[in-house]
Amino acid sequence: MGLSVYDLTIRGRKIKRAILEHPGAAAMLAIDKDNKVLLVKQYRFPHGYLLEIPAGTLEKGERAKTCAFRELEEEIGYKAKKMTHFLTYLPSVGYNTEKIHCFLATGLEKTSGTQLDPDEIMSVVKMDLKKLIGMIKAGKIQDSKTICAVLTFAAKKKLY
């Protein structure tokens with residue numbers, strides 16, 4: 001990740017833009033055999049603790065699906081038998097290049113535990129999908145990847 005400054009000419013106007021170069025991320029809507037969504041309650045400075053789906057930044061040269069499998073195990077301690085891509089979106093089009101690739105993780109199996117980075121402070125929370133949708137509608141979930149992934153999945157399944 002790094003900050004780049006671009007001098008552009010658009011429609012004859014000279015414009016300067018500072019852009020955060022980001023390698024992209026994978027986010028996983030992980031649903032267990034009991035139809036519970038596995039979320040993380042994570043400390044996000046400067047906002048405090050947020051409830052969100054697990055996600056992580058792509059490593060150099062890493063494919064999004066590979067990242068999704070890796071991050072799911074690292075963050076919540078589960079392996080997925082199947083990882084199905086269903087959405088890619090741009091969370092902050094005005095100032096960075098990040099793309100978030102959202103996957104449905106199914107066939108979950110508990111592993112030995114999480115492998116958090118030293119700066120990650122989180123715990124795992126299981127929740128009914130309909131309750132999660134209700135929290136989004138009520139404004140209690142503010143994380144964009146969680147909102148986009150859950151509502152897109154629900155719309156495709158015609159759950160609301």
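In this predicted model, 59% of the contacts between residues at least 6 apart in sequence join residues at least 24 apart. The protein chain is built from 3 helices and 9 strands, and a good place to start looking is strand 3, where 7 of the 7 residues are buried.

**The overall picture**

- Going along the sequence, you'll meet the elements in the order β-β-β-β-β-β-α-β-β-β-α-α.
- The C-alpha trace spans about 55 × 35 × 30 Å along its principal axes.
- Of the 160 residues in the chain, 45% are buried.
- The accessible surface adds up to about 9,700 Å², and carbon and sulfur atoms account for 52% of it.
- The chain carries 27 positive and 18 negative charges, and the mean positions of these two sets are 9 Å apart.

**Strand 3 and its partners**

- Strand 3 is largely enclosed by the rest of the structure, because 7 of its 7 residues are buried.
- In a regular strand, side chains take turns between the two faces of the sheet.
- Here, Ala25, Ala27, Leu29 and Ile31 point one way from strand 3, while Ala26, Met28 and Ala30 point the other way.
- Strand 8 pairs with strand 3 in the parallel sense, over 6 bridges, and Ile100 of strand 8 sits opposite Ala25.
- Strand 6 (residues 55-57) runs antiparallel to strand 3 and is joined to it by 3 bridges; here Ala25 stands opposite Thr57.
- Strand 4 is an antiparallel partner too, with 2 bridges to strand 3, and its Leu38 stands opposite Ala30.
- Strands 3 and 4 form a hairpin with 4 residues between them, and in that hairpin Asn35 has a positive phi near 65°.

**The nonpolar cores**

- The largest nonpolar core has 27 residues, and Leu29, Phe86 and Cys102 have the most contacts inside it.
- Two or more residues of this core come from each of strand 3 (25-31), strand 4 (36-44), strand 7 (78-89), strand 8 (100-110), helix 2 (129-137) and helix 3 (144-156).
- What is Cys102 in contact with, once its neighbours within four places in sequence are left aside? The list is Ala27, Thr84, His85, Phe86, Leu87, Tyr89 and Ala149.
- Apart from the largest core lies another one, of 18 residues, including Leu38, Ala68, Ala80 and Met83.

How values were computed
Residues are numbered from 1 along each chain as its sequence is written. This is a predicted model: local features need pLDDT of at least 70, side-chain atom pairs count only at pLDDT 80 or more; totals for chains, interfaces and linings use all residues. Side-chain values use heavy atoms; hydrogens and water are left out. Buried means under 20% relative accessible area, exposed over 50%, partly exposed in between (1.4 Å probe, protein chains only). Contact means heavy atoms within 4.5 Å. Accessible areas come from the Shrake-Rupley method with a 1.4 Å probe; for residues, only the protein chains shown count as cover. Lys and Arg count as positive and Asp and Glu as negative; His and the chain ends are not counted. The place of a charge is taken as NZ of Lys, CZ of Arg, CG of Asp or CD of Glu. A nonpolar core is a set of buried Ala, Val, Leu, Ile, Met, Phe, Trp, Tyr and Cys residues joined through side-chain atoms within 4.5 Å. Two strands pair if DSSP finds at least two bridges between them.
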